[in-house]
Amino acid sequence: MSIFEYNGSAIVAMAGKECVAIASDLRFGVQLATLATDHKKVYKIHDQLFIGLAGLGTDSETLSQRFTFKHNLYKLREERDIKPSAFAQLVSATLYERRFGPYFCQPVIAGLEPDGTPYLCGMDSIGAQEPAKDFMVAGTATDSLLGICESLWRPDLGPEELFETVSQALLSGQDRDCLAGWGAVVYVITKDKVIARTLRGRMD
Amino acid sequence: MAGASQQGGFAFDLCKRNEFFEAKGVKHPGFTKTGTTIAGIIFKDGVVLGADTRSTAGTTVADKNCEKIHYIAPNIYCCGAGTAADTENVTGMVASQLELHRYATGAQSRVVTAMTLLKGHLFKYQGHVSAALVLGGVDFRGPHLFTVYPHGSTDSLPYCTMGSGSLNAMAVFESGYKDDLTREEAMDLVARAIRSGIMNDLGSGSNVDLCIITKDGVEYLRNHEYLQAKTYERQFPQKFASGSVPVVRERIYDIKKVVTVVEGEPMDMEA
């Protein structure tokens with residue numbers, strides 16, 4: 001059994017026209033037992049930047065707390081919020097520091113740069129960055145999610161269309177995975193608002 | 001929490017826990033690798049480096065268009081194969097060290113300096129930092145091309161290949177190489193070698209990147225050959241009607257800034 005399959009998770013992020021969406025499933029389980037159905041894997045760093053952390057649950061929580069800590073210090077020093085591309089470097093360095101004893105997490109970073117351009121970046125558990133212009137997936141359902149995203153994504157989707165596309169992709173992908181599912185939460189980030197929606201999916 | 005960040009370098013505090021996982025039979029997951037075909041050739045006026053653009057996580061393609069030719073100095077570039085995080089970080093680290101060295105010496109960086117820094121670091125970690133590199137550049141002594149292996153050994157060669165597609169690319173080089181190639185001949189030969197890796201090696205794919213370094217400067221041809229284009233177009237893009245997804249709860253966070261800045265005369269603070 002792989003350490004990534006201990007808890008199970010599914011995360012998708014997609015870029016649209018001046019908007020990004022990031023979504024995760026809501027299951028929290030230990031191997032084949034489900035213990036909670038309201039466990040989000042997407043964490044807010046600031047209004048225009050979210051990070052999804054797939055993999056071992058305890059490492060996701062620890063890392064999200066460390067990143068919030070680092071961003072708080074950054075805000076005190078710089079007197080502004082961190083840019084998504086700079087944050088990706090921060091995440092990559094934090095993960096590579098543990099190269100020979102890693103955190104078992106795969107981050108997906110989604111946000112809007114200060115000028116409004118969407119920013120998407122995925123990483124493996126030791127911080128190898130993979131920027132993307134279309135979509136990024138992580139978790140236990142990656143094979144299915146990659147397939148459905150390749151098929152459904154189109155360039156220049158508006159916020160509403162992007163929401164529908166991300167939701168359909170995530171719900172379809174997590175239906176084919178035993179370890180992810182039990183509902184989903186989707187954040188759509190635009191220049192002047194963030195819309196958080198909770199979806200009803202198959203509860204099995 | 002602060003620990004390793006203070007001195008830099010690696011932190012080993014999670015190793016004990018991870019060893020415990022392994023003893024319990026929990027397998028460690030694979031890292032993103034660059035299956036890769038990378039190659040370099042010395043021609044009459046300089047060096048041509050080439051690379052494919054596929055990075056893999058197991059047998060799945062993680063990134064269809066990643067950049068494998070890394071900047072080391074204005075006159076030195078390095079192609080990387082192996083574990084993606086290792087190649088990125090080791091080339092980034094040596095680039096920073098060389099920049100500081102340039103400020104200290106006031107002179108252009110030499111390719112052998114980059115090579116020595118790389119091999120020293122890789123040997124220190126006994127091959128655990130899994131980076132196989134093709135380092136090329138032009139300095140005052142002329143064009144140089146080196147291969148650096150994960151355990152720290154190096155070779156100085158007129159043409160070389162690394163990665164899972166290295167045999168495919170080397171076959172093309174061995175049949176096509178001659179001394180004093182022109183720039184166009186060298187570019188064509190490297191592109192053919194990388195293409196051979198892309199088509200025949202499963203760990204390499206997508207597009208061809210080239211980087212031509214001469215004493216007059218660098219030409220970085222990102223996606224010199226774009227072979228990744230889809231062979232078909234979806235006729236009827238799937239469009240979902242608004243409201244087709246079952247939403248249980250919706251919350252809207254308005255993040256427009258509360259303070260509005262209005263243009264005006266600066267206030268007189270004296271009185």
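## Close-up views of a predicted two-chain model

**View 1. Asp59(A) lies in helix H1 of chain A, which covers residues 57–78.** The coordinates in this and the other views come from a predicted model. Asp59(A) has a relative accessible area of 2%; because buried means under 20%, Asp59(A) counts as buried. Apart from neighbours within four places in sequence, Asp59(A) is in contact with Tyr103(A), Phe104(A) and Cys105(A). Its contacts also include a residue of chain B, Arg17(B).

**View 2. His39(A) sits in a loop of chain A, between strand S4 and strand S5.** Strand S4 spans 33–36 and strand S5 spans 42–46. The relative accessible area of His39(A) is 18%. The cut-off for buried is under 20%, so His39(A) is classed as buried. When neighbours within four places in sequence are set aside, His39(A) is in contact with Asp25(A), Leu26(A), Arg27(A) and Phe28(A). Glu61(A) is another of its contacts.

**View 3. Chain A contains four helices and twelve strands.** Its radius of gyration is 16 Å, which agrees with the value near 17 Å for a compact globule of 204 residues. The C-alpha atoms fill a box of roughly 45 × 40 × 25 Å along the principal axes. Of the 204 residues, 62% count as buried. Chain A has an accessible surface of about 7,600 Å², and carbon and sulfur atoms make up 50% of this. Chain A carries 21 positive and 26 negative charges, and the mean positions of the two sets are 3 Å apart.

**View 4. Chain B contains six helices and 14 strands.** A compact globule of 271 residues would have a radius of gyration near 18 Å, but the value for chain B is 24 Å. Along the principal axes, its C-alpha atoms fill a box of roughly 75 × 65 × 50 Å. In chain B, 45% of the 271 residues count as buried. Among contacts with a separation of 6 or more in chain B, 61% join residues 24 or more positions apart. The accessible surface of chain B is about 15,100 Å², with 54% belonging to carbon and sulfur atoms. Chain B has 27 positive and 30 negative charges, whose mean positions are 8 Å apart.

**View 5. The confidence scores belong to the prediction of chain B and of the model.** Chain B averages a pLDDT of 90, and 95% of its residues score at least 70. Where pLDDT is low, predicted coordinates should not be read in detail. The model has an ipTM of 0.88 and a pTM of 0.88.

Note on methods:
Residues numbered from 1 in each chain as written. Chains lettered and ligands numbered in written order. Predicted model: local features only at pLDDT ≥ 70, side-chain atom pairs only at ≥ 80, totals over all residues. Heavy atoms only, no water. Helix = DSSP H or I, 4+ residues; strand = E, 2+ residues; numbered from the N terminus. Rg over C-alpha atoms; globule rule 2.2 N^0.38 Å. Buried < 20%, exposed > 50% of the residue type's maximum accessible area, 1.4 Å probe, protein only. Contact = heavy atoms within 4.5 Å. Areas by Shrake-Rupley, 256 points an atom, 1.4 Å probe, with all protein chains shown as cover. Lys, Arg positive; Asp, Glu negative; His and termini not counted. Charge placed at Lys NZ, Arg CZ, Asp CG, Glu CD. pLDDT = per-residue confidence, 0-100.
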